[in-house]
Amino acid sequence: MKKLLIFMLALLVLPCVFLLTACGKNPPNAPQHTHNWSSMFSSNGSTHWLTCDGCSEKKDEGTHTYIDDVCSVCGWIKNHQHTFIPGQYEKNDEYHWQDCTTCDGTSAQEPHEMSGDTCIVCGHIDSSLNPEVASIRDLEIITYQTDGNGVYTLVKLPDGKNMLIDAGGTQAIDIRTFRRIVIDAGFTTIDYMVLTNTFAKRTGGAEAIFTNNVKNLYIPDTTGVTYDISDGFRNAVNYANTINTCNVIKLNPTNEDSYDVTSNFSYNQQEYSYTIDFIAPVAPSDCETEFDASIFIAITYQEKVILFTGDATNKNIDNYANADYDYNVDVLITGYEPATGRDAIRLSDNRGTNFLTDIGLTNSDNVIITNPGVTDGLGNLVNVINAHNDPTIYNSTNFEYATVKINGSGAITVTTQE
């Protein structure tokens with residue numbers, strides 16, 4: 001009888017063991033998830049950890065190690081209480097969370113609560129469920145300037161890809177705002193990221209954005225240079241080189257004077273195309289300052305051209321004007337960085353006029369000035385532009401961001417938000 005009871009008990013237990021063993025296993029053909037770990041720690045009152053941008057797992061979790069009431073690992077302040085801005089969320093395709101306004105800590109990641117194609121908590125839109133969002137075929141460029149004079153530009157390309165030009169911000173609050181805007185724009189993956197030079201105001205937030213799955217990083221070739229390289233630039237490039245899914249392209253005109261990306265795509269049974277030309281006017285060995293090394297970017301769509309010069313100096317303007325670039329520019333986005341003792345931009349002389357003539361500005365064109373200085377360099381730039389058939393000027397001292405659009409028929413609009 002005892003043996004019979006044991007046998008019957010075994011029959012009951014074995015299926016449960018089988019079910020428990022199988023529970024939680026992925027289906028045989030399920031794709032392998034690759035963690036994309038954040039570069040900055042999340043924290044609470046007792047511990048800190050790194051989060052994955054695509055799931056809820058954590059790593060390097062540990063208790064705070066305090067030195068003078070500040071954790072030496074994550075910067076948590078003892079007895080600190082997080083404060084969050086109501087309704088302001090960071091998000092990716094699966095989760096949302098909030099950044100603390102007074103430290104680098106975050107709230108826990110929570111899955112989206114979807115109603116149709118929209119999360120009712122953070123407003124995230126699943127574009128795969130919304131054909132109109134997914135099928136916009138305008139080229140849109142939005143250029144920002146932070147309170148700390150950092151600069152960055154979002155480019156929404158007409159085939160659904162995107163580009164981030166620079167990662168401005170040297171203050172923590174600027175970097176958090178920059179990251180929030182990039183994510184809110186839907187840049188959870190970045191197809192093309194460009195650091196136009198090595199200056200801190202253009203690279204301060206670069207490392208923080210690499211959790212967004214950067215596919216291609218374009219940078220000036222800094223091999224053997226003697227000019228300044230910011231920690232933001234150096235850390236971002238070092239980090240990018242450790243990611244096997246990120247392609248790092250160093251631009252050096254001694255090897256090739258331009259690097260092109262062309263996309264051909266169809267929409268509503270019509271064929272479209274655009275070209276991005278990444279231009280390095282000055283070789284690394286000829287750069288006297290980090291601003292000379294600025295990358296120029298020409299985007300051509302529907303026979304319209306937008307030229308982005310980064311920080312313009314005499315040297316890179318001269319080299320560009322003397323090269324054979326066949327562009328008739330419709331919108332110029334240019335920067336000016338004043339610096340004592342440097343040969344900063346002086347467009348009041350012939351080189352400035354030659355440059356503007358070379359790029360073909362006319363009285364129907366637009367000029368957006370980013371990162372303007374307060375010295376006579378900016379005044380000279382404005383005066384020369386005005387003298388050259390009086391195009392419309394947008395000065396970033398007067399706006400928070402400027403938006404340039406080229407629609408599918410080639411019409412250009414420029415708007416600003418103060």
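# A guided tour of the predicted model

In the hairpin formed by β24 and β25, where five residues lie between the strands, select glycine 410: its phi is positive, near 95°. The model on display is predicted. Extend the selection to the two strands themselves. Strand β24 covers residues 401-406 and strand β25 covers residues 412-417; they run antiparallel and are joined by six bridges. One pairing to display is that of alanine 402, whose bridge partner in β25 is threonine 416.

**The whole chain**

Zoom out and colour by secondary structure. The protein comprises eight helices and 25 strands. Of its 418 residues, 50% count as buried. Among contacts with a separation of 6 or more, 59% are between residues 24 or more positions apart. With a surface display, the exposed area is about 20500 Å², of which carbon and sulfur atoms supply 48%.

**Colouring by confidence**

Switch the colouring to pLDDT. The mean for the protein is 76, and 75% of the residues reach 70 or more. Strand β14, residues 192-194, has the highest confidence, at 96, while helix α2, residues 131-134, has the lowest, at a mean of 46. Next select residues 9-14, where pLDDT stays under 50 and the model has zero contacts beyond four places in sequence. Residues 16-28 may be added to the selection: their pLDDT is below 50, and this stretch also has zero contacts in the model beyond near neighbours in sequence.

**The nonpolar cores**

Which residues have the most contacts inside the largest nonpolar core? Select Met163, Ile276, Phe278, Ile297 and Ile368; the core to which they belong has 34 residues. Strand β18, residues 270-279, gives the most to this core, contributing four residues.

Centre the view on isoleucine 368 and display its surroundings. Apart from neighbours within four places in sequence, isoleucine 368 is in contact with Thr143, Val331, Leu332, Ile333, Thr334, Tyr394, Phe399, Ala402, Val404 and Val414. Alanine 402 in that list is the residue paired with threonine 416 in β25.

A second core, separate from the one just described, has 25 residues, including Ile181, Ile209, Ile219 and Cys246.

**A small open sheet**

Move to the sheet of three strands with the order β6-β7-β8; the sheet is open and its pairing is antiparallel. β6 (90-91) and β8 are the edge strands, each with a single partner strand, so each has one side without a neighbour in the sheet. Two bridges join β6 to β7, residues 95-97, in antiparallel fashion. To view one pairing across these strands, select lysine 91 and histidine 96, which stand opposite each other, the latter in β7.

From histidine 96, step to glutamate 113, which occupies the loop between β8 (110-111) and β9 (114-115). Is glutamate 113 buried or partly exposed? Its relative accessibility is 43%, so it counts as partly exposed. Beyond its neighbours within four places in sequence, glutamate 113 is in contact with His96, Thr118, Cys119, Ile120 and Val121. A distance label between the C-alpha atoms of glutamate 113 and glycine 123, ten residues apart along the chain, should read 9.5 Å.

**The cysteines**

How many disulfides does a search of the whole structure find? The search finds zero. Cysteine 74 is in no disulfide, and the nearest cysteine sulfur, belonging to cysteine 71, is 3.7 Å away; a pair would have to lie within 2.5 Å. Cysteine 74 is buried, with a relative accessible area of 14%. Cysteine 119, a contact of glutamate 113, is likewise in no disulfide; its nearest cysteine sulfur is that of cysteine 122, 3.7 Å away. The relative accessibility of cysteine 119 is 2%, so it counts as buried.

**Two positive phi values in one loop**

Finally, select residues 302 and 303. Glutamine 302 lies in the loop between β19 (296-301) and β20 (304-311), and glutamate 303 is found in the loop between β19 and β20. Phi of glutamine 302 is positive, near 50°, in a residue other than glycine. For glutamate 303, another residue other than glycine, phi is also positive, near 65°. With a relative accessibility of 27%, glutamine 302 counts as partly exposed, whereas glutamate 303 is exposed, with a relative accessible area of 76%.

Notes. Residues numbered from 1 in each chain as written. Predicted model: local features only at pLDDT ≥ 70, side-chain atom pairs only at ≥ 80, totals over all residues. Heavy atoms only, no water. Buried < 20%, exposed > 50% of the residue type's maximum accessible area, 1.4 Å probe, protein only. Contact = heavy atoms within 4.5 Å. Core = buried A, V, L, I, M, F, W, Y, C linked by side-chain atoms within 4.5 Å. Areas by Shrake-Rupley, 256 points an atom, 1.4 Å probe, with all protein chains shown as cover. Pairing = 2+ DSSP bridges. pLDDT = per-residue confidence, 0-100.
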